[in-house]
Amino acid sequence: MADRYLTVAQVAECLGTSERFPRRLIAERRITFVKVGRHVRIPESALSAFVAANTVQPIGHRRGSLRRAA
């Protein structure tokens, strides 16, 4: 049980969003969470997995793929 559990406010701070966004992720069951009584906690590993799963890699520059003005 080495995983750290974060509050909704801590998750929002890590993501740079308002508290509404992590609460929506929880409501839509898009992120793993733990309920302890009426408290909701998100494991740090679940937050890392969510960020990794939603990270978009840049497209590499391909020569000749850019349009040139006439």
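## What covers helix H1

The buried residues of H1 have cover from several directions, including strand S1 (5-6), H2, S3 and H3. Keep in mind as you read that this is a predicted model.

Which residues of H1 are the buried ones? They are Val8, Val11 and Ala12. Looking down the axis of H1, you'd find these buried residues within an arc of 100°, so they line one face of the helix. Turn to the other side of H1 and you meet Glu13 and Cys14, which are exposed. Just after H1 comes glycine 16, with a positive phi of about 75°.

## The overall layout

Let's step back to the whole chain. The protein has 3 helices and 3 strands, and from the N terminus on they run β-α-α-β-β-α. There are 70 residues in the protein, and buried ones make up 20% of them. The accessible surface comes to about 5900 Å², with 51% of it belonging to carbon and sulfur atoms.

How do distant parts of the chain figure in the contacts? If you take the contacts with a separation of 6 or more, residues 24 or more positions apart account for 45% of them.

## The sheet

Strands of a sheet pair through backbone hydrogen bonds, and they can do that either parallel or antiparallel. Here, 3 strands form an open sheet with antiparallel pairing, in the order S1-S3-S2. S1 and S2 are the edge strands, each pairing on one side only.

How many bridges join S2 to S3? There are 3, and the two strands run antiparallel. To pick out a pair by eye, start from valine 34: its bridge partner in S3 is arginine 41. Helix H3 lies across S1 and S3, running at about 60° to S3.

## Helix H2 and its two sides

H2 has its own set of buried residues: Pro22, Leu25 and Ile26. They cover an arc of only 100° around the axis, which puts them on the same side of H2. What do these buried residues pack against? Their packing partners are H1, S3 and H3. On the face turned away from that buried side, H2 carries the exposed residues Arg20 and Ala27.

## The loop after H2

Arginine 29 follows H2 and sits in the loop between H2 and strand S2 (34-36). Its phi is near 55°, a positive value in a residue other than glycine. Is arginine 29 buried or exposed? At 62% relative accessibility, it counts as exposed, since the cut-off for that label is over 50%.

Threonine 32 is another residue in the loop between H2 and S2. With a relative accessible area of 51%, threonine 32 is exposed too. Even so, threonine 32 has contacts with residues further along the chain: leaving out residues up to four places away in sequence, it touches Ile42, Pro43 and Ala46. You can also check its spacing from serine 45, which is 13 residues apart from it in sequence and 9.2 Å apart in space, going from C-alpha to C-alpha.

## The nonpolar core

Now for the inside. The largest nonpolar core has 11 residues: Leu6, Val8, Val11, Leu25, Ile26, Ile31, Val40, Ile42, Ala46, Leu47 and Phe50. Where do they come from? Helix H1 (8-15), helix H2 (20-27), strand S3 (39-43) and helix H3 (44-53) each supply at least two of them. H3 gives the largest share, 3 residues.

Two members of this core are good places to zoom in. Leaving aside residues up to four places away in sequence, isoleucine 31 touches Leu25, Ile26, Ile42, Ala46, Leu47 and Phe50. Phenylalanine 50, in helix H3, is buried, with a relative accessible area of 13%; the cut-off for buried is under 20%. With the same neighbors in sequence left out, phenylalanine 50 touches Phe21, Leu25, Arg30 and Ile31. Take arginine 30 from that list: it is 20 residues apart from phenylalanine 50 along the chain, and their C-alpha atoms are separated by 8.3 Å.

Notes. Residues numbered from 1 in each chain as written. Predicted model: local features only at pLDDT ≥ 70, side-chain atom pairs only at ≥ 80, totals over all residues. Heavy atoms only, no water. Core = buried A, V, L, I, M, F, W, Y, C linked by side-chain atoms within 4.5 Å. Buried < 20%, exposed > 50% of the residue type's maximum accessible area, 1.4 Å probe, protein only. Helix = DSSP H or I, 4+ residues; strand = E, 2+ residues; numbered from the N terminus. Contact = heavy atoms within 4.5 Å. Arc of directions from axis to C-beta. Areas by Shrake-Rupley, 256 points an atom, 1.4 Å probe, with all protein chains shown as cover. Pairing = 2+ DSSP bridges. Axes fitted to C-alpha atoms, helices over the stretch in contact; angles between N-to-C directions.
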